[in-house]
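Here are a few short exercises to work through with the model open. Try each task yourself before reading the solution.

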Amino acid sequence: MDLRQFDQKLREAPPARYSDEVWARLCCEQAFLSMKEGNYAVGAVLVSESDELLSYGRNTVFGHGYNSSRHAEMEVIDRMERDFSDMSRSGMTLYVSLEPCLMCFGRILLAGIGQVRYLTEDSVGGFTRGIHMLPPVWSELCHRTRFEPARVDSHWRALAKQMIDENAVAMRQKVAAAWQGK
Ligand SMILES: [Zn+2]
């Protein structure tokens with residue numbers, strides 16, 4: 001894996017044309033850091049209703065051994081619940097480089113985040129395609145949160161996808177090894 005190509009792509013980004021691109025850059029920078037640290041390349045940012053940064057984070061499942069809960073979305077929601085517990089959550093927007101998985105989808109609903117915008121779809125693991133399968137209470141909760149692709153230049157979509165694809169196989173092998181206690 002040549003990490004320099006991703007560093008280069010971060011530098012070569014076009015000037016921001018859409019407001020989401022400011023947050024897309026931060027998500028991708030966080031995803032790049034995750035990848036460098038040996039984790040899934042996913043970054044996330046949580047923004048207030050007035051477009052102020054509340055928290056940011058990245059995937060750290062292999063930060064200390066293997067912790068399956070340490071997805072980027074969980075990190076930013078943990079920080080928000082710790083530091084901004086007095087703020088209404090319905091106006092918050094969670095930006096994430098990859099469409100949320102089943103676990104994070106549930107956490108986002110329970111946390112009461114109003115909007116989620118992802119840079120690239122996860123055609124094999126993203127849960128926005130599973131909304132119709134939710135049990136009634138979760139389906140009801142789901143009406144409170146809007147999930148949609150971020151409004152960004154294709155540069156950011158492509159970069160988010162290239163990063164997650166780059167080490168996907170290696171990460172699956174690391175998880176399988178951790179399951180076996182290795
Ligand atoms: Zn997740």
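**Exercise 1.** Work out how many helices and strands the chain has, and in what order they come.

*Solution.* Start with the count: this predicted model has seven helices and five strands. Next, walk along the sequence and write down each element as you meet it, which gives α-α-β-β-α-β-α-β-α-β-α-α.

Now for the overall build. The radius of gyration comes out at 16 Å, close to the 16 Å that the globule rule gives for 182 residues, so the chain is as compact as a globular protein of that length. Along its principal axes, the C-alpha trace spans about 45 × 40 × 30 Å.

**Exercise 2.** Find what share of the chain is buried, and what share of the contacts between residues at least 6 apart join residues at least 24 apart.

*Solution.* First, burial: 36% of the 182 residues are buried. Then take the contacts between residues at least 6 apart in sequence; 63% of them join residues at least 24 apart.

**Exercise 3.** Is arginine 117 buried or exposed, and which residues is it in contact with beyond its sequence neighbours?

*Solution.* Step one, place it: arginine 117 sits in strand β4, which covers residues 115-120.

Step two, count: there are 21 other C-beta atoms within 10 Å of arginine 117. The cut-off for buried is 20 or more, so arginine 117 counts as buried.

Step three, skip the neighbours within four places in sequence; arginine 117 is then in contact with Asp20, Thr93, Tyr95, Glu148, Pro149 and Ala150.

Step four, check one C-alpha distance: arginine 117 and leucine 98 are 19 residues apart along the chain, with 9.1 Å between their C-alpha atoms.

Technical notes: Residues are numbered from 1 along each chain as its sequence is written. This is a predicted model: local features need pLDDT of at least 70, side-chain atom pairs count only at pLDDT 80 or more; totals for chains, interfaces and linings use all residues. Helices (H or I, at least four residues) and strands (E, at least two) are DSSP runs, numbered from the N terminus. The radius of gyration is taken over C-alpha atoms; the globule rule is 2.2 Å times the number of residues to the power 0.38. A residue is buried if 20 or more other C-beta atoms lie within 10 Å of its own, exposed if 12 or fewer, and partly exposed in between; C-beta atoms are placed from the backbone. Two residues are in contact if their C-beta atoms, placed from the backbone, lie within 7 Å.
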